[in-house]
Amino acid sequence: ASAQSDTVVVTRVEPAPQDAGLARRSALSRELIDLSAGPNFMKEFERVMGEQLTGIDQKGGEEAAWVRTNIPPMLNRMVVRLMDDMVPVYAELFTEEELRAQIDFYRSPIGRAVAAKSIPLGVGVQEAQTGVLASFMTELESKYCARFDCGEAEQTGAKPSRR
């Protein structure tokens, strides 16, 4: 029969080098995201958002008041969450050297100027994407329906009556 020991050995587990590297890249990623958004990001975001809500204000009424009151804080929370959720993506994608180089760029005068244009750039890209996507969908539907029978309602873009 063999004797079993009741001794428990506890060893301290050091984080794996990859975990320490990930932690450093995550911290650098947060710094980069903050710098690349620019110092006035939220202020500029709120300004653009206010412009977008102008059309709703012109309609007036209870719905417009609700939108004006509720949409800005919801969008602010969405942006904060998006920026938080981008940290692991950046940390996984970029090396420490790449993150540091980008941080150095965004700390420079030209980097700060680029960061200050992030909101207008985002708006412009969104408008371009919307137009391109609409054209793509129109072409796709047209060519698909030319090859396969989509029915008249789909081909003309008309919606069937809901009577």
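**Getting to know a helical protein**

User: Hello! R47 and E44 both lie in one helix, so many residues apart; which helix is it?

Analyst: R47 and E44 sit three residues apart, about one turn of the helix. Helices here are DSSP runs of H or I with at least four residues, strands are runs of E with at least two, and both are numbered from the N terminus. The element that holds R47 and E44 is helix 2.

User: What kind of model is this?

Analyst: Residues are numbered from 1 along each chain as its sequence is written, and side-chain values use heavy atoms, with hydrogens and water left out. Local features need pLDDT of at least 70, side-chain atom pairs count only at pLDDT 80 or more, and totals for chains, interfaces and linings use all residues, since this is a predicted model.

User: How many helices does the protein have?

Analyst: Along the sequence, the pattern reads α-α-α-α-α-α-α. There are zero strands, and the count of helices is seven.

User: How far apart are N and O where the side chains of R47 and E44 meet?

Analyst: R47 and E44 form a salt bridge (a side-chain nitrogen of Lys or Arg within 4 Å of a carboxyl oxygen of Asp or Glu). R47 is partly exposed because its relative accessible area is 41%, with buried meaning under 20%, exposed over 50% and partly exposed in between (1.4 Å probe, protein chains only). From N to O, the R47 and E44 pair spans 2.6 Å.

User: Which residue of helix 3 forms a salt bridge with R30?

Analyst: R30 belongs to helix 1, and its partner lies 54 residues away in helix 3. R30 has 25% relative accessibility and so counts as partly exposed. At 2.3 Å, N to O, R30 meets the side chain of D84.

User: Which residue is linked with R24 and E96 in a network of salt bridges?

Analyst: The side chains of E96 and R24 meet at 2.9 Å, N to O. This pair joins distant parts of the chain, with E96 in helix 4 (residues 96-107) and R24 in helix 1, 72 residues apart. The network holds R24 and E96 together with R100.

User: What is the volume of the largest pocket?

Analyst: On a 1 Å grid over the protein atoms alone, a pocket is an open set of points with protein on both sides within 12 Å along at least five of seven lines, a cavity is a set where a 1.4 Å probe fits but cannot get out, and lining residues have an atom within 4 Å of a point. Points are joined across faces, edges and corners, and a volume is the space filled by probe spheres set on them. For the largest pocket, that gives about 830 Å³.

User: Which helix gives the most to the lining of the largest pocket?

Analyst: The lining has 28 residues, and the closest to the pocket centre are F41, F45, S118, I119 and G122. At least two lining residues each come from helix 1 (17-37), helix 2 (41-59), helix 3 (61-93), helix 5 (109-116) and helix 6 (118-147). With eight residues, the top contributor is helix 3.

User: What separates the C-alpha atoms of V123 and V48?

Analyst: V123 is found in helix 6. V123 and V48 are 75 residues apart along the chain, and their C-alpha atoms are separated by 8.6 Å.
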